[in-house]
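Colleague: I'm new to this structure and would love a close look at a single part of it. Could you take the packing of the helices and walk me through it slowly?

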Amino acid sequence: MTFSILPPMPIYELIGILGFALYVTNYSLLTTRCLSSDCLAYFCINLVAASCVLLGLMASFNLASALLQIFWVAMSLVGILVRLKRRGASAPV
């Protein structure tokens, strides 16, 4: 009898689909101007979406997709840090 620490593969696929849904929702909110690309929430949603899709790739790995998601995670983190730094700099002393 063998035990695995990893959850069954369908869970990874569901997480990947959640990431897709977040990407589509984020883009739709941006397109309809319900969300601004300069807003912190935009980058947070992108970060979660990319992370979910990256986890979803564990079900069926694809190097090009993984590299793309790693790029989106990195750019989202940069976007979050820039906005937090701006917010801290503009705070009254």
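Modeller: Happy to! Please keep in mind that this is a predicted model. Let's begin on the outside, where Leu-68, Phe-71, Trp-72, Met-75, Val-78 and Val-82 make a nonpolar surface patch of about 500 Å². One member of the patch, Val-78, sits in helix 3, which runs over residues 63–89. Val-78 counts as partly exposed because its relative accessibility is 42%, and the range for that label lies between 20% and 50%.

Two other members of the patch, Phe-71 and Trp-72, are worth a pause. Phe-71 has a relative accessible area of 41%, so this residue is partly exposed. Trp-72 is partly exposed as well, with a relative accessible area of 33%.

Now turn to helix 2, which covers residues 40–56. Its 17 residues reach 24 Å from the first C-alpha to the last, close to the 24 Å expected at 1.5 Å a residue. Many names appear on its buried list: Leu-40, Tyr-42, Phe-43, Asn-46, Leu-47, Ala-49, Ala-50, Cys-52, Val-53 and Gly-56. Here is a general point that helps when reading such a list: an α-helix has 3.6 residues a turn, so residues three or four places apart point the same way.

Let's follow a few of those buried residues, starting with Leu-47, which is found in helix 2. Setting aside its neighbours within four places in sequence, Leu-47 is in contact with Val-73, Ser-76, Leu-77 and Ile-80. To put a distance on this region, Leu-47 and Ala-74 are 8.2 Å apart in space, C-alpha to C-alpha, while 27 residues separate them in sequence.

One of the contacts of Leu-47 is Ser-76, and Ser-76 belongs to helix 3. With a relative accessible area of 1%, Ser-76 is buried, since that label is given under 20%. Not counting residues up to four places away in sequence, Ser-76 touches Phe-43, Asn-46 and Leu-47.

That brings us to Asn-46, another residue of helix 2. Asn-46 has a relative accessible area of 6% and is therefore buried. Beyond the residues up to four places away in sequence, Asn-46 touches Tyr-23, Asn-26, Trp-72 and Ser-76. Notice that Trp-72, a member of the surface patch, is among the residues Asn-46 touches.

Next, the aromatic rings. A search of the whole structure finds two aromatic pairs. In one of them, the rings of Tyr-42 and Phe-43 have centres 5.1 Å apart and planes at 85°, so the pair is edge-to-face. Tyr-42 counts as buried, at 16% relative accessibility, and Phe-43 is buried with a relative accessible area of 13%. Phe-71 and Trp-72 also form an edge-to-face aromatic pair, with 5.4 Å from centre to centre and 65° between the planes.

Charged side chains add another connection. Searching the whole structure turns up two salt bridges. In one, the side chains of Asp-38 and Arg-83 meet at 2.9 Å, N to O. This pair links distant parts of the chain, 45 residues apart: Asp-38 is in the loop between helix 1 (9–31) and helix 2, and Arg-83 is in helix 3. In the other, the side chains of Asp-38 and Arg-86 meet at 3.3 Å, N to O. Asp-38 lies in the loop between helix 1 and helix 2 and Arg-86 in helix 3, so this pair ties together parts that are 48 residues apart in sequence. Asp-38, Arg-83 and Arg-86 are thus linked in a network of salt bridges.

How covered are the three members of that network? Asp-38 is partly exposed, with a relative accessible area of 41%. Arg-83 is buried, with a relative accessible area of 17%. Arg-86 counts as partly exposed, at 45% relative accessibility.

One last stop is Arg-33, which lies in the loop between helix 1 and helix 2. Arg-33 has a positive phi of about 60° although it is not a glycine. As general background, most residues other than glycine have a negative phi. Arg-33 counts as exposed, at 77% relative accessibility.

Note on methods:
Residues are numbered from 1 along each chain as its sequence is written. This is a predicted model: local features need pLDDT of at least 70, side-chain atom pairs count only at pLDDT 80 or more; totals for chains, interfaces and linings use all residues. Side-chain values use heavy atoms; hydrogens and water are left out. Patches are made of residues with over 30% relative accessible area and no salt bridge: like charges are joined within 9 Å, nonpolar side chains (Val, Leu, Ile, Met, Phe, Trp, Tyr) within 5 Å. Accessible areas come from the Shrake-Rupley method with a 1.4 Å probe; for residues, only the protein chains shown count as cover. A salt bridge is a side-chain nitrogen of Lys or Arg within 4 Å of a carboxyl oxygen of Asp or Glu. Helices (H or I, at least four residues) and strands (E, at least two) are DSSP runs, numbered from the N terminus. Buried means under 20% relative accessible area, exposed over 50%, partly exposed in between (1.4 Å probe, protein chains only). The expected span of a helix is 1.5 Å times one less than its number of residues. Contact means heavy atoms within 4.5 Å. Rings of Phe, Tyr and Trp (its six-membered ring) pair if their centres lie within 6.5 Å; planes under 30 degrees apart count as stacked, over 60 as edge-to-face and the rest as tilted.
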